[in-house]
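Biologist: Please take a close look at one part of this model for me: the surface near DNA. One connected account will do.

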2 protein chains.
Amino acid sequence: MSHKSRNRMAAGRRAHAPVFAALGDETRLSLVAKLCGGRPCSISRLTEGSRLTRQAITKHLCVLERAGLVRRVRRGRESLFALDPEPFEEIKKYLEFVSEQWDQALARLKSFVEG
Amino acid sequence: MSHKSRNRMAAGRRAHAPVFAALGDETRLSLVAKLCGGRPCSISRLTEGSRLTRQAITKHLCVLERAGLVRRVRRGRESLFALDPEPFEEIKKYLEFVSEQWDQALARLKSFVEG
DNA sequence: TTAATATGCAACCAGGAGGTTGCCTAAGAT
DNA sequence: ATCTTAGGCAACCTCCTGGTTGCATATTAA
């Protein structure tokens, strides 16, 4: 692997780790699921049906926001949150890259064994 | 959305959250990157070039192992670790599902506005 | 104006995560 | 048999995380 490629991968790690971390929590995954509906939701609305406090949900939303997975826009007295699909696409590409590397490595090992 | 579908999604969250969490750390992503090479690596080998202790790396490997991202096999006095691509595929599918839901929701909103 | 709703802010707490050190055991190498 | 290397185990520390409660503030509704 080239130096450039290695640096790119290291940069990718720094960028992707927070996104993975933000998704690494059941509560936050359920928030993401609710926001998949397409229409922005207020904090109160997102808290409905949860056993957690509004503040707990707020914190989780902040985590998602810091990771860029969600955007907040203030409307009147409420904070509306909506999904941002871009980071999802990013880490999907990253996972595809990992799979690809893995497959190529296996192919090399196979040809080495056979050759 | 149907009840079945909702239950399936909740089960998916329970299954996927730990995987995302395991990937939500730069050190562990770099370990994954090294293991993408295809050949199993010992703990000492994976520690080489890191500023962390062998024990720290061991802990990270245990996290990856608990999440199913990595498999350990003992050979002589060393523990060899290899990637398991299956969980990667799983969360990739999950991300694709999220994107899909999002796109469909957007399409519905669009037709609602236009109609 | 007054009441109700939606949110923000801060303090606080328990537990877990990431990391270190020290010591012990097992397996190769000489 | 002895030395060296790879790894496991446990204690310990610090900081972050997930969660709570209490109170303050800004809108909206009556």
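Modeller: The answer starts with ground rules and symmetry, takes each strand in turn, and ends with the surroundings.

This is a predicted model, so local features need pLDDT of at least 70 and side-chain atom pairs count only at pLDDT 80 or more, while totals for chains, interfaces and linings use all residues. Residues are numbered from 1 along each chain as its sequence is written, chains are lettered from A and ligands numbered from 1 in the order in which they are written, and side-chain values use heavy atoms, with hydrogens and water left out.

Symmetry comes first. Chain B superposes on chain A by a rotation of 180 degrees with 0.0 Å of shift along the axis, at an RMSD of 0.0 Å. That is the relation of a two-fold axis. The fit is by least squares on the C-alpha atoms of residues with pLDDT of at least 70 in both copies. Of the interface residues of chain B, 100% are also interface residues in chain A, so the copies meet through the same surface.

Now DNA strand D. It is surrounded by 20 residues. The closest are Thr53(A), Lys59(A) and His60(A), with Ser44(B) and Arg77(B). Here "near" requires a heavy atom of the residue within 4 Å of the strand. Of the strand D atoms within 4 Å of the protein, 63% belong to sugar or phosphate, and bases supply the rest. Nine of the residues in this surface are charged, eight polar and three nonpolar. Charged means Asp, Glu, Lys and Arg; nonpolar means Ala, Val, Leu, Ile, Met, Phe, Trp, Tyr, Cys and Pro; the others, Gly among them, are polar.

Chain B makes several polar contacts with strand D (pairs of N or O atoms within 3.5 Å; within protein, one must be able to donate a hydrogen and the other to accept it, and sequence neighbours count only if both atoms are side-chain atoms). A polar side-chain atom of Arg77(B) lies 2.6 Å from a base oxygen. The side chain of Arg54(B) places an N or O atom 3.0 Å from a base oxygen. Ile43(B) uses a backbone N or O atom, 3.1 Å from a phosphate oxygen. The elements giving two or more residues to this surface are helix H4 (54-66) of chain A and, from chain B, helices H3 (43-47) and H4 (54-66) with strands E2 (70-75) and E3 (78-83). Helices (H or I, at least four residues) and strands (E, at least two) are DSSP runs, numbered from the N terminus. The largest share, four residues, comes from H4(A).

Next, DNA strand C. It has 21 residues around it, the closest being Ser44(A), Arg77(A), Thr53(B), Lys59(B) and His60(B). Sugar or phosphate accounts for 60% of the strand C atoms within 4 Å of the protein, and bases for the rest. This surface has 10 charged, eight polar and three nonpolar residues.

Which distances stand out in chain B? A polar side-chain atom of Lys59(B) is 2.5 Å from a base oxygen of strand C. For His60(B), a side-chain N or O atom lies 2.3 Å from a phosphate oxygen. Arg28(B) has a polar side-chain atom 3.2 Å from a phosphate oxygen. Helices H3 (43-47) and H4 and strands E2 (70-75) and E3 (78-83) of chain A each give two or more residues to this surface, as does H4 of chain B. H4(B) gives the most, four residues.

Arg28(B) leads on to helix H2 of chain B. Seven of the 10 residues of this helix (26-35) are buried, so it is largely enclosed by the rest of the structure. Arg28(B) is one of the seven, with Leu29(B) and Val32(B) also among them. Buried means under 20% relative accessible area, exposed over 50%, and partly exposed in between (1.4 Å probe, protein chains only). Asp25(B) caps the N-terminal end of H2(B), with a side-chain oxygen 2.8 Å from the backbone nitrogen of Thr27(B).

Leu29(B) also reaches the other chain. It is touched by His16(A), which further touches Glu90(A), Ile91(A) and Tyr94(A), leaving out residues up to four places away in sequence. Contact means heavy atoms within 4.5 Å. His16(A) sits in helix H1 (3-23) of chain A and is buried at 12% relative accessible area.

Two residues complete the picture. Ser42(B), in strand E1 (41-42), is buried at 11%. Arg66(A), in helix H4 of chain A, is exposed at 68%.
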